[in-house]
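Hi,

Here is the structure I promised to pass on to you. Please have a look when you have a moment, and then read on for my notes.

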Amino acid sequence: MAFTKNILCIGAGYVGGPTMAMIAHKCPEYKVTVVDINAGRIAAWNSDALPIFEPGLLEIVGHARNKNLFFSTEIASHIAEADIIFVSVNTPTKTFGEGSGKAADLQYWEKTAREIVKASQSDKIIVEKSTLPVRTAEALERILNANDKNIHFEVVSNPEFLAEGTAISDLRHPDRVLIGSHETKAGLAARTIICDIYAHWVPREKIITSNLWSAELSKLAANAFLAQKISSINSISALCEKTEANVSEVARAIGADSRIGGKFLKASVGFGGSCFKKDIMNLVYICESYGLHEVAKYWSSVIAINEYQEHRFVKAMLTAMFNTVATKRIAIFGFAFKADTGDTRESPAIYIAQRLLEERAVVVVSDPQALQNARVDLKNAPGALEFVDDPYRAAAGAHAIAVCTEWELYKTLDYKKIFASMEKPAFVFDGRNILDHAALFEIGFNVFPIGKGALKHF
Ligand code: UDX
Ligand code: UDX
(Lines give C-alpha, C1' and ligand atoms only; values in the text may rest on other atoms or scores of the structure.)
(Ligands and ions follow the chains in the order given, each with its own letter.)
Protein backbone atom coordinates (compact mmCIF):
# COMPACT_ATOMS: atom_id res chain seq x y z
CA MET A 1 0.00 0.00 0.00
CA ALA A 2 1.21 3.51 -0.76
CA PHE A 3 1.46 5.58 2.37
CA THR A 4 -0.02 9.08 2.34
CA LYS A 5 2.68 10.55 4.57
CA ASN A 6 6.16 9.71 5.72
CA ILE A 7 6.68 10.50 9.39
CA LEU A 8 10.10 10.20 10.96
CA CYS A 9 11.07 10.41 14.60
CA ILE A 10 14.68 10.96 15.60
CA GLY A 11 15.28 9.53 19.10
CA ALA A 12 13.88 6.14 20.08
CA GLY A 13 13.66 6.76 23.83
CA TYR A 14 10.88 6.79 26.42
CA VAL A 15 9.10 9.58 24.54
CA GLY A 16 9.84 8.89 20.86
CA GLY A 17 9.26 5.12 20.91
CA PRO A 18 5.81 4.93 22.54
CA THR A 19 4.52 8.09 20.83
CA MET A 20 5.40 6.86 17.36
CA ALA A 21 4.04 3.40 18.13
CA MET A 22 0.69 5.02 18.98
CA ILE A 23 0.69 7.21 15.86
CA ALA A 24 1.48 4.19 13.67
CA HIS A 25 -1.20 2.13 15.42
CA LYS A 26 -3.86 4.80 14.97
CA CYS A 27 -2.85 6.03 11.49
CA PRO A 28 -2.30 2.97 9.26
CA GLU A 29 -2.08 5.15 6.16
CA TYR A 30 1.08 6.87 7.43
CA LYS A 31 4.50 5.31 7.34
CA VAL A 32 6.20 5.94 10.68
CA THR A 33 9.92 5.37 11.11
CA VAL A 34 11.91 5.80 14.29
CA VAL A 35 15.67 6.23 14.06
CA ASP A 36 18.34 6.45 16.72
CA ILE A 37 22.12 6.63 16.84
CA ASN A 38 22.07 3.81 19.38
CA ALA A 39 22.09 0.59 17.34
CA GLY A 40 21.48 -1.59 20.42
CA ARG A 41 18.32 0.33 21.21
CA ILE A 42 17.03 -0.01 17.66
CA ALA A 43 17.75 -3.75 17.71
CA ALA A 44 15.76 -4.01 20.92
CA TRP A 45 12.81 -2.11 19.38
CA ASN A 46 12.91 -4.66 16.58
CA SER A 47 12.74 -7.56 19.04
CA ASP A 48 10.23 -8.68 21.64
CA ALA A 49 12.51 -7.45 24.41
CA LEU A 50 11.71 -3.77 23.95
CA PRO A 51 14.28 -1.36 25.39
CA ILE A 52 11.77 0.13 27.82
CA PHE A 53 9.15 -1.47 30.02
CA GLU A 54 5.77 0.13 29.61
CA PRO A 55 2.45 -1.67 30.15
CA GLY A 56 0.64 -2.26 26.81
CA LEU A 57 3.56 -1.08 24.67
CA LEU A 58 4.57 -4.45 23.25
CA GLU A 59 1.04 -5.11 21.94
CA ILE A 60 0.80 -1.91 19.93
CA VAL A 61 4.36 -2.19 18.67
CA GLY A 62 3.63 -5.79 17.72
CA HIS A 63 0.56 -4.78 15.69
CA ALA A 64 2.23 -2.07 13.66
CA ARG A 65 5.88 -3.11 13.41
CA ASN A 66 7.05 -3.84 9.87
CA LYS A 67 3.61 -2.86 8.56
CA ASN A 68 3.72 0.90 8.98
CA LEU A 69 6.11 1.21 11.92
CA PHE A 70 9.83 0.77 11.37
CA PHE A 71 12.87 1.11 13.59
CA SER A 72 16.18 1.86 11.94
CA THR A 73 19.66 3.31 12.37
CA GLU A 74 19.72 4.73 8.83
CA ILE A 75 19.19 8.33 9.77
CA ALA A 76 20.14 10.26 6.62
CA SER A 77 18.09 8.27 4.11
CA HIS A 78 15.00 8.44 6.32
CA ILE A 79 15.41 12.18 6.77
CA ALA A 80 15.48 12.53 2.99
CA GLU A 81 12.17 10.71 2.48
CA ALA A 82 10.28 12.25 5.45
CA ASP A 83 7.55 14.90 5.22
CA ILE A 84 7.37 15.43 8.95
CA ILE A 85 10.23 14.91 11.40
CA PHE A 86 9.58 14.63 15.12
CA VAL A 87 12.72 15.22 17.15
CA SER A 88 12.80 13.45 20.47
CA VAL A 89 16.46 13.30 21.34
CA ASN A 90 17.42 13.87 24.93
CA THR A 91 18.01 17.33 26.36
CA PRO A 92 19.80 16.63 29.63
CA THR A 93 20.96 19.25 32.09
CA LYS A 94 24.30 20.75 31.10
CA THR A 95 27.17 19.40 33.13
CA PHE A 96 29.81 21.84 31.94
CA GLY A 97 30.45 25.51 31.24
CA GLU A 98 27.90 28.31 31.30
CA GLY A 99 24.69 27.23 33.02
CA SER A 100 26.21 23.96 34.23
CA GLY A 101 23.76 22.11 36.48
CA LYS A 102 20.78 24.16 35.29
CA ALA A 103 20.57 24.94 31.60
CA ALA A 104 19.48 22.34 29.06
CA ASP A 105 22.27 20.81 27.02
CA LEU A 106 21.10 21.41 23.48
CA GLN A 107 24.05 19.89 21.68
CA TYR A 108 22.14 16.79 20.52
CA TRP A 109 19.31 18.94 19.28
CA GLU A 110 21.60 21.20 17.31
CA LYS A 111 23.54 18.27 15.89
CA THR A 112 20.26 16.68 14.84
CA ALA A 113 19.11 19.93 13.20
CA ARG A 114 22.33 20.09 11.20
CA GLU A 115 21.92 16.47 10.13
CA ILE A 116 18.39 17.25 8.97
CA VAL A 117 19.63 20.14 6.85
CA LYS A 118 22.39 18.03 5.35
CA ALA A 119 20.20 15.08 4.36
CA SER A 120 17.13 17.01 3.15
CA GLN A 121 16.15 17.66 -0.42
CA SER A 122 12.61 18.96 0.15
CA ASP A 123 10.56 21.16 2.50
CA LYS A 124 9.70 19.58 5.85
CA ILE A 125 7.85 20.18 9.08
CA ILE A 126 10.10 19.77 12.10
CA VAL A 127 8.26 18.93 15.31
CA GLU A 128 9.86 19.60 18.67
CA LYS A 129 8.91 16.67 20.89
CA SER A 130 11.73 17.00 23.37
CA THR A 131 11.24 19.43 26.22
CA LEU A 132 13.14 22.55 25.30
CA PRO A 133 13.77 25.97 26.76
CA VAL A 134 11.27 28.58 25.59
CA ARG A 135 12.43 30.23 22.35
CA THR A 136 14.58 27.28 21.25
CA ALA A 137 12.61 27.12 18.02
CA GLU A 138 14.01 30.51 17.08
CA ALA A 139 17.58 29.22 17.16
CA LEU A 140 16.58 26.03 15.41
CA GLU A 141 14.93 27.88 12.58
CA ARG A 142 18.08 29.89 12.03
CA ILE A 143 20.15 26.71 11.74
CA LEU A 144 17.58 24.86 9.65
CA ASN A 145 16.76 27.67 7.28
CA ALA A 146 20.33 28.83 6.78
CA ASN A 147 20.68 26.36 3.93
CA ASP A 148 21.57 27.11 0.36
CA LYS A 149 19.31 24.41 -1.04
CA ASN A 150 16.20 26.61 -1.06
CA ILE A 151 14.46 24.25 1.35
CA HIS A 152 11.99 25.59 3.93
CA PHE A 153 11.68 24.01 7.35
CA GLU A 154 8.65 24.95 9.43
CA VAL A 155 9.16 24.33 13.16
CA VAL A 156 6.21 23.24 15.28
CA SER A 157 6.22 22.55 19.02
CA ASN A 158 4.27 19.51 20.16
CA PRO A 159 5.47 18.74 23.68
CA GLU A 160 4.74 15.29 25.04
CA PHE A 161 2.95 15.05 28.37
CA LEU A 162 2.95 11.27 28.80
CA ALA A 163 4.11 9.94 32.14
CA GLU A 164 6.18 6.77 32.32
CA GLY A 165 4.37 3.67 33.47
CA THR A 166 1.13 4.99 31.97
CA ALA A 167 2.56 6.06 28.59
CA ILE A 168 0.16 4.03 26.50
CA SER A 169 -3.03 5.10 28.24
CA ASP A 170 -1.76 8.70 28.38
CA LEU A 171 -1.16 8.58 24.62
CA ARG A 172 -4.47 6.89 23.92
CA HIS A 173 -6.54 9.23 26.10
CA PRO A 174 -4.51 12.39 26.58
CA ASP A 175 -5.90 15.24 28.71
CA ARG A 176 -4.81 17.44 25.84
CA VAL A 177 -2.50 17.53 22.86
CA LEU A 178 -0.67 20.83 22.49
CA ILE A 179 0.47 22.11 19.13
CA GLY A 180 2.26 25.43 18.86
CA SER A 181 3.30 27.08 15.64
CA HIS A 182 4.04 30.44 14.12
CA GLU A 183 0.83 32.21 13.31
CA THR A 184 1.92 32.80 9.72
CA LYS A 185 0.39 31.13 6.67
CA ALA A 186 3.08 28.44 6.57
CA GLY A 187 2.98 28.02 10.36
CA LEU A 188 -0.79 27.58 10.43
CA ALA A 189 -0.65 25.10 7.54
CA ALA A 190 1.94 23.01 9.40
CA ARG A 191 -0.15 23.22 12.57
CA THR A 192 -3.15 21.80 10.69
CA ILE A 193 -1.10 18.87 9.37
CA ILE A 194 0.09 17.95 12.88
CA CYS A 195 -3.44 18.39 14.30
CA ASP A 196 -4.73 15.98 11.65
CA ILE A 197 -2.38 13.24 12.88
CA TYR A 198 -3.78 13.37 16.42
CA ALA A 199 -7.35 13.89 15.23
CA HIS A 200 -7.29 10.22 14.16
CA TRP A 201 -8.04 9.35 17.77
CA VAL A 202 -8.05 12.45 19.97
CA PRO A 203 -11.29 14.49 20.13
CA ARG A 204 -10.78 17.87 18.44
CA GLU A 205 -11.64 19.82 21.58
CA LYS A 206 -8.67 18.22 23.32
CA ILE A 207 -6.26 19.42 20.65
CA ILE A 208 -5.07 22.82 21.86
CA THR A 209 -3.22 25.16 19.55
CA SER A 210 -1.10 28.12 20.51
CA ASN A 211 1.86 30.17 19.42
CA LEU A 212 5.24 28.44 19.45
CA TRP A 213 6.55 30.09 22.60
CA SER A 214 3.45 29.25 24.65
CA ALA A 215 3.75 25.61 23.62
CA GLU A 216 7.43 25.44 24.53
CA LEU A 217 6.90 27.15 27.86
CA SER A 218 3.75 25.14 28.72
CA LYS A 219 5.72 21.92 28.92
CA LEU A 220 8.24 23.35 31.36
CA ALA A 221 5.47 25.04 33.33
CA ALA A 222 3.29 21.90 33.51
CA ASN A 223 6.15 19.85 34.92
CA ALA A 224 7.07 22.61 37.35
CA PHE A 225 3.46 22.86 38.60
CA LEU A 226 3.17 19.09 39.05
CA ALA A 227 6.44 18.91 40.94
CA GLN A 228 5.38 21.89 43.02
CA LYS A 229 2.24 20.04 44.14
CA ILE A 230 4.37 17.15 45.37
CA SER A 231 6.82 19.47 47.13
CA SER A 232 3.91 21.32 48.71
CA ILE A 233 2.41 18.17 50.21
CA ASN A 234 5.86 16.87 51.15
CA SER A 235 6.56 20.09 53.04
CA ILE A 236 3.27 19.59 54.89
CA SER A 237 4.23 15.97 55.62
CA ALA A 238 7.13 17.22 57.74
CA LEU A 239 4.75 19.36 59.75
CA CYS A 240 2.29 16.46 60.11
CA GLU A 241 4.98 14.32 61.70
CA LYS A 242 5.43 17.00 64.37
CA THR A 243 1.77 17.66 65.07
CA GLU A 244 -0.07 14.30 64.91
CA ALA A 245 -1.88 15.44 61.79
CA ASN A 246 -1.98 12.70 59.15
CA VAL A 247 -0.77 13.74 55.71
CA SER A 248 -3.12 11.35 53.89
CA GLU A 249 -6.08 12.86 55.71
CA VAL A 250 -4.85 16.37 55.00
CA ALA A 251 -4.29 15.53 51.31
CA ARG A 252 -7.75 14.05 51.07
CA ALA A 253 -9.35 17.07 52.68
CA ILE A 254 -7.53 19.67 50.63
CA GLY A 255 -7.68 17.63 47.40
CA ALA A 256 -11.48 17.48 47.63
CA ASP A 257 -11.44 21.19 46.87
CA SER A 258 -11.82 21.12 43.12
CA ARG A 259 -9.65 24.21 42.83
CA ILE A 260 -6.77 22.23 44.33
CA GLY A 261 -7.60 18.79 42.94
CA GLY A 262 -6.75 15.43 44.42
CA LYS A 263 -3.95 14.35 42.11
CA PHE A 264 -0.22 14.63 42.80
CA LEU A 265 -0.83 15.04 46.50
CA LYS A 266 0.74 11.76 47.58
CA ALA A 267 3.43 12.53 50.08
CA SER A 268 6.51 10.50 49.25
CA VAL A 269 10.19 10.07 49.72
CA GLY A 270 10.52 12.63 46.93
CA PHE A 271 9.85 12.89 43.22
CA GLY A 272 12.23 11.52 40.62
CA GLY A 273 12.21 10.90 36.91
CA SER A 274 14.07 12.34 33.99
CA CYS A 275 11.91 15.45 33.68
CA PHE A 276 10.89 17.24 36.86
CA LYS A 277 14.26 18.29 38.18
CA LYS A 278 15.74 18.92 34.76
CA ASP A 279 12.82 21.01 33.60
CA ILE A 280 12.59 23.06 36.78
CA MET A 281 16.33 23.77 36.70
CA ASN A 282 15.89 24.81 33.13
CA LEU A 283 13.02 27.13 34.06
CA VAL A 284 15.14 28.58 36.86
CA TYR A 285 18.00 29.18 34.47
CA ILE A 286 15.77 30.87 31.92
CA CYS A 287 14.28 33.13 34.60
CA GLU A 288 17.74 34.05 35.84
CA SER A 289 18.90 34.86 32.36
CA TYR A 290 15.99 37.28 32.00
CA GLY A 291 16.93 38.83 35.38
CA LEU A 292 13.83 37.39 37.10
CA HIS A 293 15.67 36.35 40.24
CA GLU A 294 12.65 36.12 42.55
CA VAL A 295 10.86 33.86 40.09
CA ALA A 296 13.98 31.71 39.82
CA LYS A 297 14.19 31.46 43.60
CA TYR A 298 10.54 30.48 43.86
CA TRP A 299 10.94 27.51 41.51
CA SER A 300 14.31 26.51 42.98
CA SER A 301 12.60 25.95 46.29
CA VAL A 302 10.49 23.17 44.74
CA ILE A 303 13.73 21.25 44.21
CA ALA A 304 15.08 22.25 47.59
CA ILE A 305 12.04 20.71 49.31
CA ASN A 306 12.49 17.55 47.27
CA GLU A 307 16.09 17.20 48.39
CA TYR A 308 15.02 17.96 51.95
CA GLN A 309 12.45 15.18 51.77
CA GLU A 310 15.01 12.59 50.63
CA HIS A 311 17.42 13.77 53.28
CA ARG A 312 14.70 13.66 55.95
CA PHE A 313 13.86 10.06 55.05
CA VAL A 314 17.43 8.87 55.65
CA LYS A 315 17.65 10.97 58.81
CA ALA A 316 14.46 9.35 60.14
CA MET A 317 15.95 5.91 59.50
CA LEU A 318 19.11 6.76 61.35
CA THR A 319 17.30 8.29 64.31
CA ALA A 320 14.89 5.38 64.62
CA MET A 321 17.62 2.77 64.35
CA PHE A 322 19.51 4.12 67.36
CA ASN A 323 21.63 6.56 65.36
CA THR A 324 23.62 3.92 63.56
CA VAL A 325 23.04 1.65 60.60
CA ALA A 326 26.67 0.56 60.25
CA THR A 327 26.84 -3.17 59.32
CA LYS A 328 23.03 -3.39 59.47
CA ARG A 329 21.37 -5.00 56.48
CA ILE A 330 18.74 -2.73 54.94
CA ALA A 331 16.45 -3.90 52.15
CA ILE A 332 15.40 -1.21 49.70
CA PHE A 333 12.04 -2.20 48.24
CA GLY A 334 11.83 -0.47 44.87
CA PHE A 335 14.53 1.39 43.00
CA ALA A 336 12.56 2.77 40.03
CA PHE A 337 11.55 6.43 40.30
CA LYS A 338 7.94 5.26 40.36
CA ALA A 339 5.96 2.06 39.86
CA ASP A 340 5.44 0.33 36.50
CA THR A 341 8.71 1.44 34.99
CA GLY A 342 12.28 0.20 35.05
CA ASP A 343 13.51 3.78 34.73
CA THR A 344 15.66 4.99 37.62
CA ARG A 345 16.67 8.43 36.36
CA GLU A 346 16.77 10.84 39.33
CA SER A 347 15.14 8.18 41.48
CA PRO A 348 15.19 9.12 45.19
CA ALA A 349 16.33 5.54 45.83
CA ILE A 350 19.73 6.39 44.33
CA TYR A 351 20.37 9.05 46.96
CA ILE A 352 18.97 6.89 49.75
CA ALA A 353 21.12 3.89 48.83
CA GLN A 354 24.20 6.07 48.57
CA ARG A 355 23.59 7.73 51.92
CA LEU A 356 23.00 4.39 53.64
CA LEU A 357 26.21 3.04 52.12
CA GLU A 358 28.05 6.10 53.43
CA GLU A 359 26.68 5.21 56.84
CA ARG A 360 28.23 1.76 56.25
CA ALA A 361 24.95 -0.13 56.07
CA VAL A 362 24.74 -3.32 54.01
CA VAL A 363 22.30 -2.25 51.30
CA VAL A 364 20.19 -4.83 49.48
CA VAL A 365 18.37 -3.40 46.48
CA SER A 366 15.25 -5.16 45.22
CA ASP A 367 12.97 -4.12 42.35
CA PRO A 368 10.84 -6.08 39.85
CA GLN A 369 12.03 -4.09 36.79
CA ALA A 370 14.85 -1.73 37.66
CA LEU A 371 17.76 -3.85 38.92
CA GLN A 372 19.69 -3.54 35.68
CA ASN A 373 19.55 0.27 35.87
CA ALA A 374 20.20 0.20 39.63
CA ARG A 375 23.46 -1.66 39.06
CA VAL A 376 24.62 1.07 36.69
CA ASP A 377 23.47 3.88 39.02
CA LEU A 378 25.36 2.42 41.96
CA LYS A 379 28.41 1.09 40.13
CA ASN A 380 30.75 3.55 41.84
CA ALA A 381 29.05 3.44 45.23
CA PRO A 382 31.43 2.25 47.90
CA GLY A 383 30.53 -0.42 50.42
CA ALA A 384 28.45 -3.53 50.83
CA LEU A 385 25.79 -3.68 48.16
CA GLU A 386 23.63 -6.53 46.89
CA PHE A 387 20.96 -6.75 44.19
CA VAL A 388 18.27 -9.30 44.85
CA ASP A 389 15.17 -9.91 42.71
CA ASP A 390 13.09 -11.70 45.28
CA PRO A 391 11.85 -9.32 48.03
CA TYR A 392 11.65 -12.19 50.54
CA ARG A 393 15.31 -13.01 50.03
CA ALA A 394 16.19 -9.30 50.08
CA ALA A 395 14.54 -8.85 53.48
CA ALA A 396 15.86 -12.04 55.08
CA GLY A 397 18.30 -11.11 57.83
CA ALA A 398 17.64 -7.38 57.39
CA HIS A 399 17.11 -4.90 60.21
CA ALA A 400 14.94 -2.66 58.10
CA ILE A 401 12.93 -2.38 54.91
CA ALA A 402 12.79 0.98 53.12
CA VAL A 403 9.98 1.21 50.57
CA CYS A 404 11.10 3.64 47.85
CA THR A 405 8.78 2.71 44.94
CA GLU A 406 5.04 2.13 45.12
CA TRP A 407 5.00 -1.24 43.31
CA GLU A 408 1.70 -3.14 43.83
CA LEU A 409 3.80 -6.20 44.57
CA TYR A 410 4.95 -4.77 47.89
CA LYS A 411 1.38 -4.40 49.12
CA THR A 412 0.68 -8.08 48.71
CA LEU A 413 3.73 -9.69 50.31
CA ASP A 414 3.43 -12.01 53.29
CA TYR A 415 4.83 -9.67 55.95
CA LYS A 416 4.45 -12.27 58.71
CA LYS A 417 6.89 -14.44 56.84
CA ILE A 418 9.16 -11.46 56.19
CA PHE A 419 9.07 -10.39 59.84
CA ALA A 420 10.03 -13.88 60.96
CA SER A 421 13.11 -13.80 58.71
CA MET A 422 14.36 -10.38 59.88
CA GLU A 423 16.58 -9.17 62.70
CA LYS A 424 14.73 -7.66 65.67
CA PRO A 425 13.67 -5.02 66.31
CA ALA A 426 12.48 -4.95 62.69
CA PHE A 427 11.72 -1.63 61.01
CA VAL A 428 9.67 -0.60 58.01
CA PHE A 429 10.18 2.87 56.55
CA ASP A 430 7.37 3.36 54.08
CA GLY A 431 8.54 6.12 51.76
CA ARG A 432 5.38 5.77 49.69
CA ASN A 433 2.72 5.18 52.36
CA ILE A 434 1.47 2.10 50.50
CA LEU A 435 1.56 -0.56 53.17
CA ASP A 436 -1.03 -1.37 55.84
CA HIS A 437 0.77 0.25 58.73
CA ALA A 438 -1.56 -0.96 61.48
CA ALA A 439 -1.26 -4.56 60.25
CA LEU A 440 2.52 -4.34 60.11
CA PHE A 441 2.61 -2.95 63.64
CA GLU A 442 0.39 -5.79 64.77
CA ILE A 443 2.86 -8.29 63.29
CA GLY A 444 5.63 -6.70 65.32
CA PHE A 445 7.26 -4.18 63.00
CA ASN A 446 8.17 -0.64 64.04
CA VAL A 447 6.58 1.37 61.27
CA PHE A 448 7.67 4.79 60.02
CA PRO A 449 5.41 6.25 57.33
CA ILE A 450 5.76 9.66 55.66
CA GLY A 451 3.74 12.44 57.26
CA LYS A 452 2.02 10.41 59.96
CA GLY A 453 2.92 9.23 63.40
CA ALA A 454 5.31 6.33 63.72
CA LEU A 455 4.00 3.06 65.21
CA LYS A 456 6.64 1.88 67.67
CA HIS A 457 6.85 -0.98 70.12
CA PHE A 458 9.30 0.89 72.35
C1 UDX B 1 14.01 12.85 26.24
C2 UDX B 1 14.19 13.97 27.25
O3 UDX B 1 14.65 13.40 28.48
C4 UDX B 1 12.92 14.69 27.49
O5 UDX B 1 13.16 15.88 28.19
C6 UDX B 1 12.31 15.10 26.22
O7 UDX B 1 11.07 15.66 26.46
C8 UDX B 1 12.23 13.96 25.23
O9 UDX B 1 13.47 13.34 25.08
P10 UDX B 1 13.43 10.36 26.67
O11 UDX B 1 12.71 9.85 25.47
O12 UDX B 1 13.05 9.84 28.00
O13 UDX B 1 13.17 11.90 26.80
O14 UDX B 1 14.99 10.28 26.45
P15 UDX B 1 15.87 9.02 26.10
O16 UDX B 1 15.18 7.78 26.53
O17 UDX B 1 17.25 9.33 26.56
O18 UDX B 1 15.84 9.00 24.49
C19 UDX B 1 16.52 9.84 23.66
C20 UDX B 1 17.05 9.02 22.49
O21 UDX B 1 17.64 9.90 21.53
C22 UDX B 1 18.13 8.01 22.87
O23 UDX B 1 17.75 6.72 22.46
C24 UDX B 1 19.37 8.49 22.11
O25 UDX B 1 20.20 7.45 21.66
C26 UDX B 1 18.75 9.25 20.96
N27 UDX B 1 19.64 10.25 20.37
C28 UDX B 1 20.29 11.13 21.14
C29 UDX B 1 19.81 10.26 18.98
O30 UDX B 1 19.23 9.44 18.27
N31 UDX B 1 20.62 11.22 18.43
C32 UDX B 1 21.31 12.10 19.19
O33 UDX B 1 22.06 12.93 18.65
C34 UDX B 1 21.14 12.07 20.59
C1 UDX C 1 6.27 13.63 34.30
C2 UDX C 1 4.94 14.31 33.92
O3 UDX C 1 3.88 13.76 34.70
C4 UDX C 1 4.66 14.12 32.45
O5 UDX C 1 3.48 14.81 32.08
C6 UDX C 1 5.84 14.66 31.68
O7 UDX C 1 5.65 14.48 30.31
C8 UDX C 1 7.12 13.99 32.11
O9 UDX C 1 7.31 14.15 33.50
P10 UDX C 1 7.03 11.13 34.80
O11 UDX C 1 8.35 11.72 35.17
O12 UDX C 1 7.00 9.96 33.88
O13 UDX C 1 6.13 12.24 34.10
O14 UDX C 1 6.30 10.68 36.15
P15 UDX C 1 5.20 11.27 37.14
O16 UDX C 1 4.08 10.33 37.18
O17 UDX C 1 4.90 12.68 36.88
O18 UDX C 1 5.96 11.14 38.55
C19 UDX C 1 7.11 11.90 38.83
C20 UDX C 1 7.59 11.61 40.24
O21 UDX C 1 6.70 12.15 41.20
C22 UDX C 1 7.70 10.13 40.56
O23 UDX C 1 8.90 9.90 41.29
C24 UDX C 1 6.49 9.89 41.42
O25 UDX C 1 6.64 8.78 42.27
C26 UDX C 1 6.39 11.19 42.18
N27 UDX C 1 5.04 11.48 42.72
C28 UDX C 1 3.99 11.59 41.88
C29 UDX C 1 4.87 11.68 44.08
O30 UDX C 1 5.82 11.59 44.85
N31 UDX C 1 3.62 11.99 44.55
C32 UDX C 1 2.54 12.11 43.74
O33 UDX C 1 1.44 12.41 44.24
C34 UDX C 1 2.73 11.90 42.35
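Below is what I found, going from the domains to the ligands, then to two helix pairs and two backbone details.

Please keep in mind throughout that this is a predicted model.

**Domains**

The domain assignment splits the protein chain into domain 1 (5–202) and domain 2 (245–458). Taken over C-alpha atoms, the centres of domain 1 and domain 2 are 33 Å apart. Where the two domains touch, 15 residues of domain 1 are in contact with 16 residues of domain 2. On the domain 1 side, the residues that touch domain 2 comprise eight nonpolar, five polar and two charged.

**Ligand 1**

There are 22 residues around ligand 1, and those that come nearest are G11, G13, Y14, V15 and T131. Helix α5 (residues 107–119) gives the most to this shell, contributing three residues. By class, the shell around ligand 1 has eleven polar, eight nonpolar and three charged residues.

**Ligand 2**

Ligand 2 is surrounded by 19 residues, of which K266, S268, F271, G273 and C275 are the closest. Here the most is given by helix α9 (residues 212–243), again through three residues. The shell around ligand 2 has eleven nonpolar, four polar and four charged residues. You may like to look at this site with both domains displayed: domain 1 (5–202) and domain 2 (245–458) each supply at least three residues to the shell around ligand 2.

**Helices α5 and α6**

Helix α5, which you met at ligand 1, also packs with helix α6 (residues 136–145): their axes come within 9 Å and cross at roughly 30°. An angle under 35 degrees counts as roughly parallel, and α5 and α6 are therefore roughly parallel to each other. Their crossing is right-handed. From α5, the residues E110, A113, R114, I116 and V117 meet L140, I143 and L144 of α6. This contact of α5 with α6 has six nonpolar and two charged residues, and no polar ones.

**Helices α11 and α12**

The other pair is helix α11 (residues 276–289) with helix α12 (residues 293–320), which pack at an angle of about 165° with their axes 8 Å apart. Since angles over 145 degrees count as roughly antiparallel, α11 and α12 are therefore roughly antiparallel to each other. The crossing of α11 with α12 is left-handed. On the α11 side the contact is made by K277, I280, L283, V284, C287 and E288, while α12 brings H293, V295, A296, W299, S300, V302 and I303. The residues of this contact of α11 with α12 fall into nine nonpolar, two polar and two charged.

**Two backbone details**

Most residues other than glycine have a negative phi, and most peptide bonds are trans. Two places in the chain are worth a look with that in mind. N66 is not a glycine, yet has a positive phi of about 65°. You will find N66 in the loop between α3 (57–64) and β3 (69–72). The peptide bond from K424 to P425 is cis, with omega near -5°. P425 lies in the loop between α16 (415–421) and β13 (427–430).

That is everything from my side for now. Happy to talk through any of it whenever it suits you.

Best wishes

Conventions: Residues numbered from 1 in each chain as written. Chains lettered and ligands numbered in written order. Predicted model: local features only at pLDDT ≥ 70, side-chain atom pairs only at ≥ 80, totals over all residues. Near = placed C-beta within 6 Å. Helix = DSSP H or I, 4+ residues; strand = E, 2+ residues; numbered from the N terminus. Nonpolar A, V, L, I, M, F, W, Y, C, P; charged D, E, K, R; others polar. Domains from an automatic or database assignment. Axes fitted to C-alpha atoms, helices over the stretch in contact; angles between N-to-C directions. Parallel < 35°, antiparallel > 145°, perpendicular 65-115°, else oblique. Left-handed = near helix turned anticlockwise from the far one by under 90°. Contact = placed C-beta atoms within 7 Å.
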